[in-house]
2 protein chains.
Amino acid sequence: MELSELSKDLKPISADTRADLVELRLREYLANKELRTGDVLPTELELSAALGVSRNVLREALSRLRMLGLIESRKKRGMVLTSPDILGSFERVLNPQLIDTTTLQNLFELRLVLESGLADLLFIRKTDENIEELEAIVENEKFIDDDMFRVNSEIAFHSKLYEITGNDTLKRFQVMLLPLFDFVLKNENRSVKSKVSHADLVRILKEGTKEEFVIGMREHLRPHFELLQK
Amino acid sequence: MELSELSKDLKPISADTRADLVELRLREYLANKELRTGDVLPTELELSAALGVSRNVLREALSRLRMLGLIESRKKRGMVLTSPDILGSFERVLNPQLIDTTTLQNLFELRLVLESGLADLLFIRKTDENIEELEAIVENEKFIDDDMFRVNSEIAFHSKLYEITGNDTLKRFQVMLLPLFDFVLKNENRSVKSKVSHADLVRILKEGTKEEFVIGMREHLRPHFELLQK
DNA sequence: CGAACTTTATTTGTACTACATAAGAACTAA
DNA sequence: TTAGTTCTTATGTAGTACAAATAAAGTTCG
C-alpha cells in the first residue's frame with residue numbers, strides 16, 4: 001500500500017512541535033481577525049509573549065509564513081500581510097524523486113483533465129495572432145526528424161494552448177508540472193499516434209466549433225487515457 | 001494594476017535573508033544529491049557549520065522544509081526525507097481575504113476547466129454504486145426549497161463527481177477551492193438556470209456516451225462561462 | 001549464553017541573551 | 001521650512017545552555 005494511502009487511515013500521532021502549533025495559531029489569527037493585505041502584525045516580542053513561546057520558536061513559524069508569501073517583514077516597521085503567491089509553495093514541493101507514485105499518477109490524470117477542459121476558455125480568448133503562432137509550431141513539426149525535437153515541439157504546442165487561455169495561474173501550473181512527466185513523454189512517441197493531430201486541432205480552433213474542438217482534443221489525448229485504463 | 005501583475009514586471013529586490021538562502025541551498029542539495037524518501041540528512045550542527053550560519057538560521061530554513069513535508073525529524077536519529085504532501089502547502093495559502101482578485105478569477109476559471117474535463121475519467125471509473133449515490137442527491141433536490149440547502153446540494157453533486165474520478169489529488173483540490181467561491185455560488189442561483197440539469201447529467205452518465213456527457217457538462221456550466229466573457 | 005534492564009551518548013527542541021542593522025521618528029540647526 | 005542628525009524600535013543573526021527523547025552501548029541476573 002502506498003504511503004499516501006496508508007496515512008489516511010493511520011494518521012501520524014500528533015508529534016507537533018511548538019513551531020507547528022504557533023504556525024497554526026498565527027494562521028487562525030490572520031483568518032479570524034479578518035486581516036487584509038497591508039495590515040501590520042504585532043511585533044515578534046509581543047507575539048512571542050502572547051503565545052508564551054520563545055522568540056526563537058515564533059520566528060520558525062513566521063519563517064514559514066514568510067516562505068508562503070503570507071507576510072513580509074521590514075526592519076523597524078514590523079511585519080505586514082501580503083498577497084501570497086499561491087503556486088510558489090507548490091513549486092518547492094514538486095521534486096519528482098520525492099513524490100510518491102500514486103500522486104504522480106494523480107497529477108498526470110489532472111493534466112489530462114485540464115487539457116480536455118480547455119476548449120471553452122480557448123474559444124473565448126483565441127486571437128488571430130495566437131492561432132498564427134500555433135500554426136507556426138505545427139508547420140515546424142513537418143521537418144522534425146529527431147525524437148528530442150519532437151518532444152519539445154509537443155511541449156511547445158500544448159504550452160501555447162495554455163498560454164492562449166490567458167490564465168496565468170493555469171499556465172504556471174502547467175509549466176510546473178512539465179518536468180514531472182518526462183518519463184511519460186518518452187513513452188509517448190513510441191505509443192500509437194492519435195488520429196487527431198496538432199494540425200487538426202489548430203484547424204478546428206480556427207474554423208470549427210467548440211464542440212468539435214472538445215471532441216478533437218479528447219481524441220488527441222485518447223492514447224494517454226487508454227494507458228490509464230489498465 | 002493588480003499587485004500580482006505588477007510584480008511580474010517589477011520583481012522585488014532580493015532582500016533575501018540568510019534563512020531564504022539556506023532554504024534554497026538545502027533544496028538544491030536535496031535535488032542534486034538525488035536523495036530519496038527515507039534518506040537521512042546530516043545533523044543540524046553539521047549543516048549549520050557547512051553553510052556557515054547559526055543553528056538558529058538553519059532551523060528557520062528546516063522549519064520551512066518540515067512544513068512542506070519534505071523532511072521529518074526525530075530526536076537522536078536525525079532528519080529523514082519524506083514524501084511531501086503536495087497540496088498541504090497549497091491549503092495554507094488559500095485565504096480568500098488575501099488572494100488578489102486576478103488570482104481568484106484564475107482559480108474560478110481553473111475550476112470550470114476541470115469540471116469540463118472530467119468526462120473521460122468519470123466514464124472510466126464510474127460504478128453502479130456511484131451512480132446510485134448521484135441519483136440520490138438529485139432525488140433530494142426535488143424537495144429542496146431553501147436557498148442554502150440548494151447550494152449545499154449543488155456542492156454535494158459536483159463533489160461526488162470529483163469523488164467518482166477516484167483521483168484523490170483532484171478531489172482534495174476541489175474541496176480546497178470550495179470556500180473560495182462562496183460568493184460565486186450565492187450569485188449562481190439567481191443567474192439563469194442551465195438547460196442541462198444535474199438529473200440530465202446523471203442520466204447521460206448512466207446511459208449515454210462520453211461525447212454526450214462532455215457536451216452536457218459544458219452546457220450545464222455555460223452560465224458560468226458566460227459570466228467570464230464580459 | 002542470552003534476555004531484560006540501565007546507562008550513556010547524541011540529536012532535536014526550546015529558551016534566553018546579546019548585539020548588528022536598518023529605518024521610521026523625533027529633534028536640531030541653518 | 002528644510003536638511004541633516006540623533007534616537008528609538010523591530011527585525012536579523014549568533015551563541016550558549018539545557019530539556020527531552022531515543023538509539024546504542026553496557027550491565028546485571030537468570
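Copies are superposed by least squares on the C-alpha atoms of residues with pLDDT of at least 70 in both. The exercises below use a predicted model.

**Exercise 1. Symmetry of the two protein chains**

Task: Find the operation that superposes chain B on chain A, and name the residue of chain B that comes closest to the rotation axis.

Solution.
- Step 1. Superpose chain B on chain A. The operation is a rotation of 180° with 0.1 Å of shift along its axis. The RMSD is 0.1 Å.
- Step 2. Classify the operation. That is the relation of a two-fold axis.
- Step 3. Look along chain B for the residue closest to the axis. It is B:Gly117, whose C-alpha lies at 1.9 Å.

**Exercise 2. The contact between the chains**

Task: Describe the contact between chain A and chain B by residue count, by element and by class.

Solution.
- Step 1. Count residues. Chain B gives 57 and chain A gives 56.
- Step 2. Assign the chain B side to elements. Eight helices need checking one by one, and each of these supplies at least two residues: helix 1 (3–9), helix 2 (18–32), helix 4 (55–68), helix 5 (88–93), helix 6 (101–116), helix 7 (119–125), helix 10 (168–177) and helix 13 (210–228).
- Step 3. Find the largest share. Helix 6 of chain B supplies it, with eight residues.
- Step 4. Sort the chain B side by class. There are 28 nonpolar, 15 polar and 14 charged residues.
- Step 5. Compare the two sides. Of the interface residues of chain B, 98% are also interface residues in chain A, so the copies meet through the same surface.

**Exercise 3. A helix pair across the interface**

Task: Work out how helix 6 of chain A packs on helix 10 of chain B.

Solution.
- Step 1. Take the geometry. The axes are 8 Å apart and the angle is about 65°.
- Step 2. Name the arrangement. Angles of 65 to 115 degrees count as roughly perpendicular. Helix 6 of chain A is therefore roughly perpendicular to helix 10 of chain B.
- Step 3. List the partners. Helix 6 of chain A uses A:Thr103, A:Asn106, A:Leu107, A:Leu110 and A:Val113. Helix 10 of chain B answers with B:Asp168, B:Thr169 and B:Leu170.
- Step 4. Sort this contact by class. It has four nonpolar, three polar and one charged residues.

**Exercise 4. A helix pair within chain B**

Task: Repeat the analysis for helix 3 and helix 4 of chain B.

Solution.
- Step 1. Take the geometry. The two axes come within 9 Å and cross at roughly 110°.
- Step 2. Name the arrangement. Helix 3 of chain B is roughly perpendicular to helix 4 of chain B.
- Step 3. List the partners. From helix 3 of chain B come B:Glu44, B:Leu45, B:Leu47, B:Ser48 and B:Leu51. From helix 4 of chain B come B:Arg55, B:Leu58 and B:Arg59.
- Step 4. Sort by class. The contact divides into four nonpolar, one polar and three charged residues.

**Exercise 5. The surfaces near the DNA**

Task: Characterise the protein surface near DNA strand C and the one near DNA strand D.

Solution.
- Step 1. Start with DNA strand C. It has 21 residues around it, and A:Thr17, A:Arg18, A:Ser54, B:Thr43 and B:Glu44 come nearest.
- Step 2. Find the elements. Helix 2 and helix 4 of chain A, with helix 3 and strand 2 (78–81) of chain B, each supply at least two residues. Helix 4 of chain A has the largest share, three residues.
- Step 3. Sort by class. Near DNA strand C there are five nonpolar, six polar and 10 charged residues.
- Step 4. Turn to DNA strand D. It is surrounded by 20 residues, the closest being A:Thr43, A:Glu44, B:Thr17, B:Arg18 and B:Ser54.
- Step 5. Find the elements. Two or more residues each come from helix 3 and strand 2 of chain A, and from helix 2 and helix 4 of chain B. Helix 4 of chain B gives the most, three residues.
- Step 6. Sort by class. Near DNA strand D there are five nonpolar, six polar and nine charged residues.

**Exercise 6. Two residues of chain A**

Task: Decide for A:Leu30 and for A:Asp146: buried or exposed?

Solution.
- Step 1. Place A:Leu30. It sits in helix 2 of chain A.
- Step 2. Count its neighbours. There are 20 other C-beta atoms within 10 Å, so A:Leu30 is buried.
- Step 3. List its contacts beyond four places in sequence. A:Leu30 touches A:Leu35, A:Leu81 and B:Asn95.
- Step 4. Place A:Asp146. It lies in the loop between helix 8 (128–141) and helix 9 (147–164) of chain A.
- Step 5. Count again. A:Asp146 has 8 C-beta neighbours inside 10 Å, so it counts as exposed.

Technical notes. Residues are numbered from 1 along each chain as its sequence is written. Chains are lettered from A and ligands numbered from 1 in the order in which they are written. This is a predicted model: local features need pLDDT of at least 70, side-chain atom pairs count only at pLDDT 80 or more; totals for chains, interfaces and linings use all residues. Two residues are in contact if their C-beta atoms, placed from the backbone, lie within 7 Å. Helices (H or I, at least four residues) and strands (E, at least two) are DSSP runs, numbered from the N terminus. Ala, Val, Leu, Ile, Met, Phe, Trp, Tyr, Cys and Pro count as nonpolar, Asp, Glu, Lys and Arg as charged, and the others, Gly among them, as polar. A residue is near a molecule or strand if its C-beta atom, placed from the backbone, lies within 6 Å of it. Axes are lines fitted to C-alpha atoms, for helices over the stretch in contact, and angles run from 0 to 180 degrees between N-to-C directions. Angles under 35 degrees count as roughly parallel, over 145 as roughly antiparallel, 65 to 115 as roughly perpendicular and the rest as oblique. A residue is buried if 20 or more other C-beta atoms lie within 10 Å of its own, exposed if 12 or fewer, and partly exposed in between; C-beta atoms are placed from the backbone.
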